[in-house]
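Please open the model in your viewer and get ready to select a few residues. We will stop at some aromatic rings along the way.

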Amino acid sequence: MTSTLPSEVQQVFERFITTEYTTVDSRGQPIAWPVTPYYRPGDPTIDVTTGIGYPKKALDARRNPRVALLFSDPTGSGIEDAPAVMVQGMAEVDDEDLSANRERYREESLEKLPATKEMMPPKAVESLFSWYYERIYVKVRPERVFVWPGGDFTREPVVHDTHLEEVRSGHIQEEAEPHPGARGGAIAWDGRIEELGRRYDRAALSWVAPDGFPLSSRLPVSCDRQGRVVRIEGEPAGLPVLAGRACLAAHSHAPDFSWQENFQVRGDLARGDEGWKLVPHKLIGGFELPDESMAARYRRNLSKSIRFYRTRRKVLKSRSG
């Protein structure tokens, strides 16, 4: 359906540097990460990718192909007054030819993000980073598209391929599914959570709709240290916000993507006397490349690189066996 969408929506798919990509794991937990989208006007799918050393983004989509892409951060896109766009779609995982995917990723990433060329390792040691450069693609075929003009989530969205009343009620073609209940457990608190509302005044909140598809919205947030919760300072127009498992993704990047930082908080979304809140149960830092020297970046990510290298070996062993 992408070719029938307005040109300004297709332009968002093509020119945004990041999109918040949400999958739902086997326990019903939505998981959102910022990734780079690849799209050319008229393409049937919007493609995202992950390294073979950290394949969960693809494995979850293979198990449950209902995913969401939220285009809510226009940094570096060059689009003035860009709309926010959320896509609910069906995912297809492409990992048949890792060599071809590797070459495709090199070409596409350098075309879209030329500044990243300086971040690539020297050819002599590139093999040590195969866990990153051997790529798995996830191709998302849009089913429904929500557009908020000017990126204002307090306004009613324009919805393509369904009626807004159906979205609010949850009766969107697919039958309603059992909604994942609260995760429960101990509260996880971390210094990075306290960046919410200070360094990150907004973050992408993802939860699961009645039909099993993820929903996402970028909303104002604040940190309640005393209550040990994250306050959600608003509610998106036109979307049914439901209590239960949710994920909050915070991220930032340079306009040319020469540096990027991100983390996510998984927890339970609940409505209290002061509005919606997220009770945090797990914080996970992403693969980050802050604005620092290359040597510092290698030191920062050394332990993750070793873990990703080992995961790659396991994945390749399971494929060959």
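Here is a short tour of ring pairs, a ring cluster and charges over rings.

This is a predicted model, in which local features need pLDDT of at least 70 and side-chain atom pairs count only at pLDDT 80 or more, while totals for chains, interfaces and linings use all residues. Residues are numbered from 1 along each chain as its sequence is written, and side-chain values use heavy atoms, with hydrogens and water left out.

**Stop 1.** Select Y54 and F308, a tilted aromatic pair with 4.9 Å from centre to centre and 40 degrees between the planes. (Rings of Phe, Tyr and Trp, using its six-membered ring, pair if their centres lie within 6.5 Å; planes under 30 degrees apart are stacked, over 60 edge-to-face and the rest tilted.) Y54 is in the loop between strand 3 (46-51) and helix 2 (56-63), and F308 is in helix 7 (residues 302-320), so the pair ties together parts 254 residues apart in sequence. (Helices, H or I with at least four residues, and strands, E with at least two, are DSSP runs numbered from the N terminus.)

Are these residues buried or exposed? Y54 is buried at 16% relative accessibility, and F308 is buried at 9%. (Buried means under 20% relative accessible area, exposed over 50%, partly exposed in between, with a 1.4 Å probe and protein chains only.)

**Stop 2.** Now select the whole aromatic cluster: Y54, Y105, F129, W131, Y132, Y133, F287, Y298 and F308.

**Stop 3.** Add R135, whose charged end sits over the ring of Y132, 4.7 Å from its centre. (This requires NZ of Lys or CZ of Arg within 6 Å of the ring centre and within 35 degrees of the ring normal.) Finally, select K112: its charged end sits over the ring of Y38, 5.7 Å from the ring centre.
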